[in-house]
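Grab a pencil and work through a few short exercises on the structure below. Each task comes with a solution that goes step by step.

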Amino acid sequence: YGKDTLAHWMNHAASPAEIRDRQSASEKLAENIEWRQEFQATGMRSKAPGAPLEVLDAWVKEEPVLSRQPLYSVIPYVLPIITLTLTVLAFIPMLHWGFAAGAFALHIIINRPINKYGKEVFAKVDRWAPFLAAFGKLIEQMETLDTDTPLTQAYKDRLAKEGKPAFQEIGYLSRLLVRLELRLNGLPYYIMHNVFFWDMIWLVRLERWKQRHQDHILDWFRV
């Protein structure tokens, strides 16, 4: 992505003012050897996702499926408590086991469409989590760069959205994708997903993140 950007600059004439801004920023960066080497080392440790960034951008801009339904924001925090309470009462015993079994069956029924949707989302984004983690570190280094050139400051200003640093938002996205990787862990995933609606919780939060930053993420990569 960086090589393509540099090639574009070399093939399209910039204005004199833009050229002077780039030269000024380059001179400041040339003085900061330690920062540049750390930035380069962080980038070299990251693994390329094997897909153009436009693929990630298109996914972020997809229409939400779960977060627009308020019920999906309530179910994971209410139904498990009811089901566990019925299970405890059955153990005492104060209730017939059929109540607890019926509640758990309801979990399975509700999760059926979530299973399919979760698989679709995971198939699209499983490659991005390690890359985004490294990218967040690069953004953090960019935001801590101590320079007073107009061009660099303008870039840093583009990283501040809604009062939160971009590296924190990217880091949160990376963690959301890691949570979805629990589906690779067999029994722990089965329990967390079917009892506590694991996928539903994190898919809703993921969709909300996408809605907040669908117009920002590609610009962060450009910076």
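**Exercise 1. A proline in a loop**

Find where P93 sits, and decide whether P93 is buried or exposed.

*Solution.* Start with the place: P93 is in the loop that runs between α5 (71–91) and α6. Keep in mind as you go that you're looking at a predicted model. Next, take the relative accessibility, which is 61% for P93. Exposed means over 50%, so P93 counts as exposed. One last step: pick K3, which is 90 residues from P93 along the chain, and you'll find their C-alpha atoms separated by 68 Å.

**Exercise 2. A nonpolar patch**

Work out which helix gives the most residues to the nonpolar patch on the surface.

*Solution.* First list the members: L84, F104, L187, Y190, I191 and F196 make up the patch. Together they have about 550 Å² of accessible area. Now check the helices: α10, covering residues 187–196, gives the most, with four residues. F104 comes from elsewhere, since its home is helix α6 (residues 97–125). With a relative accessible area of 30%, F104 is partly exposed.

**Exercise 3. Two packed helices**

Decide how α7 and α9 run relative to each other, starting from the angle at which they pack.

*Solution.* Helix α7 spans residues 128–143 and helix α9 spans residues 166–180; they pack at an angle of about 165 degrees, and their axes are 8 Å apart. Angles over 145 degrees count as roughly antiparallel, so α7 is roughly antiparallel to α9. As for handedness, α7 makes a left-handed crossing as it passes α9.

**Exercise 4. Salt bridges across the chain**

How many salt bridges are there, and what does the one between E62 and K210 link?

*Solution.* Here's the idea to begin with: side chains of opposite charge can pair when their charged atoms come close. The cut-off is a nitrogen within 4 Å of a carboxyl oxygen, and by this rule there are seven salt bridges. One of them joins the side chains of E62 and K210, at 3.9 Å from N to O. This pair links distant parts of the chain, 148 residues apart: E62 is in the loop between α4 (53–60) and α5, while K210 is in helix α11 (residues 198–213).

Now compare the surroundings of the two partners. E62 has a relative accessible area of 33%, so E62 is partly exposed. K210, at 6%, counts as buried.

**Exercise 5. Two more pairs**

Find what the salt bridges R158 to D219 and R212 to E169 tie together.

*Solution.* Take R158 and D219 first: their closest N and O atoms are 2.5 Å apart. R158 is in the loop between α8 (150–157) and β1 (160–161), and D219 is in helix α12 (residues 217–222), so this bridge ties together parts 61 residues apart in sequence. R158 is partly exposed at 29% relative accessible area, whereas D219 is buried at 16%.

Then turn to R212 and E169, where the closest N and O atoms are 4.0 Å apart. R212 belongs to helix α11 and E169 to helix α9, so the pair ties together parts that are 43 residues apart in sequence. Again check the accessibility: R212 is partly exposed, with 35%, and E169 counts as buried, with 6%.

To finish, look for shared partners: E62, K124 and K210 are joined into one network by salt bridges that share them.

Definitions and conventions: Residues are numbered from 1 along each chain as its sequence is written. This is a predicted model: local features need pLDDT of at least 70, side-chain atom pairs count only at pLDDT 80 or more; totals for chains, interfaces and linings use all residues. Side-chain values use heavy atoms; hydrogens and water are left out. Patches are made of residues with over 30% relative accessible area and no salt bridge: like charges are joined within 9 Å, nonpolar side chains (Val, Leu, Ile, Met, Phe, Trp, Tyr) within 5 Å. Accessible areas come from the Shrake-Rupley method with a 1.4 Å probe; for residues, only the protein chains shown count as cover. Buried means under 20% relative accessible area, exposed over 50%, partly exposed in between (1.4 Å probe, protein chains only). Axes are lines fitted to C-alpha atoms, for helices over the stretch in contact, and angles run from 0 to 180 degrees between N-to-C directions. Angles under 35 degrees count as roughly parallel, over 145 as roughly antiparallel, 65 to 115 as roughly perpendicular and the rest as oblique. A crossing is left-handed if the near helix is turned anticlockwise from the far one by less than a right angle, and right-handed if clockwise.
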